[in-house]
Amino acid sequence: MPKRLETVVLHDSSTPVFGDIEKGGSVIVTTFDTVLNQIRANSLFPLTFGLACCAIEMMSTAGSRFDISRFGMEAFRASPRQADLMIIAGRLSKKMAPVLRQIYDQMPEPKFVISMGACASSGGVYNNYAIVQGADQVVPVDVYVPGCPPSPDALLYGILKLQDKIKKGHSPKHFKDLRVIETTPRVIEKVEF
Amino acid sequence: MEVVRDVVKPIIAGFGITRRRLAHKKVTIMYPEEKRQQYPRTRWRHVLTRYESGLERCIGCSLCAGACPARCIYVQASENTDAERYSPGERYAVRYEINMIRCIFCGYCQEACPTGAIVLRNDFELANYRREDFIFTKEMLLEPMPLQ
């Protein structure tokens, strides 16, 4: 009796799958981009970019209890040339901002940024002259993880959200799609009640 | 003989550590499938609670906003009327917003609240893609109505 094959339907529901899905088909047809995005999502190399206390939780995430390597991310790279994911862990001071931007520019495309913790995402309690009020003023951020600091499972949730985003094909496909810094101020809708 | 002393014996000793470790309990929590139990005093996502009758506990006093070190809570109060009653007292919060990305989950709002309306529970899955999505409004924070 032949071994029954599980059909793997990749994220894209419009992807044609030959063979009966219920019975378990044996041929999968998909786009090259879909496969590439799956590979990208499951082999992110984070950059060691701990700026403050959030870095302790980031290190804990790499430890054996929470084990980031289950998602193919255990290789924390010290060189931006070898990393695709920047986890901004900690408050970003204005003195550090140009350094962060330079390191971000040195990372090869496609690159992703997780802003970890309240301070990196928005400034947190440090609403003062020294701290950048949100790392998205310096680099484009893909996923914000709130918390002070976020527990390792909260960071893992953010990482899973980022993997979802990459699997859905949000990586830049054309030079025009590459993210640039927002130049226009955001318009936040007035809440009516 | 030196080969045995310098190469074979250390290798066997090294694998001995591996063999002993195999008998240990596995420490990894397989996070998305299995969640670790949070500690009883864990402070994560805020919830605005209700009384058993379904009335809101929040009276719109803004003490939580005053206690917040990150200034991330905004409360706007309004008067209750007999026709539209939201909370047992005179006033209720018509608008209650928390900027979840600026919040540091210190729990001072919970300590300051005179009626125990705002509590920090243990839902930690808050990460999101857009900064605008982190403004949690009253509708998102309020507990669902208790079953009658």
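**Briefing: helix packing, Ala118(A) and the nonpolar core**

In this predicted model, helix H1 (residues 32-42) of chain A packs against helix H5 (residues 152-167) of chain A at an angle of about 165 degrees, and their axes lie 8 Å apart. H1(A) is therefore roughly antiparallel to H5(A), since angles over 145 degrees count as such. The points below cover this helix pair, one buried alanine and the largest nonpolar core.

**H1(A) and H5(A)**
- The crossing of H1(A) with H5(A) is right-handed.
- On the H1(A) side, the contact is formed by Asn37(A), Gln38(A), Arg40(A), Ala41(A) and Asn42(A).
- H5(A) contributes Gln163(A), Ile166(A) and Lys167(A) to the contact.
- By type, the residues of this contact are two nonpolar, four polar and two charged.

**Ala118(A)**
- Ala118(A) is part of helix H4 (residues 117-122) of chain A.
- With a relative accessible area of 2%, Ala118(A) is buried.
- Leaving aside residues up to four places away in sequence, Ala118(A) touches Gly123(A), Gly124(A), Val145(A) and Gly147(A), and also Ile101(B), Arg102(B), Cys103(B) and Ile104(B).
- Pro150(A) is 32 residues from Ala118(A) along the chain, and their C-alpha atoms are separated by 8.5 Å.

**Largest nonpolar core**
- The largest nonpolar core has 74 residues, and those with the most contacts inside it are Met86(A), Ile88(A), Ile114(A), Ile73(B) and Tyr96(B).
- H5(A) gives the most to this core, with seven residues.
- Residues touched by Tyr96(B), not counting those up to four places away in sequence, include Leu48(B), Cys58(B), Cys64(B), Ile73(B), Phe136(B) and Lys138(B).

Definitions and conventions
Residues numbered from 1 in each chain as written. Chains lettered and ligands numbered in written order. Predicted model: local features only at pLDDT ≥ 70, side-chain atom pairs only at ≥ 80, totals over all residues. Heavy atoms only, no water. Axes fitted to C-alpha atoms, helices over the stretch in contact; angles between N-to-C directions. Helix = DSSP H or I, 4+ residues; strand = E, 2+ residues; numbered from the N terminus. Parallel < 35°, antiparallel > 145°, perpendicular 65-115°, else oblique. Left-handed = near helix turned anticlockwise from the far one by under 90°. Contact = heavy atoms within 4.5 Å. Nonpolar A, V, L, I, M, F, W, Y, C, P; charged D, E, K, R; others polar. Buried < 20%, exposed > 50% of the residue type's maximum accessible area, 1.4 Å probe, protein only. Core = buried A, V, L, I, M, F, W, Y, C linked by side-chain atoms within 4.5 Å.
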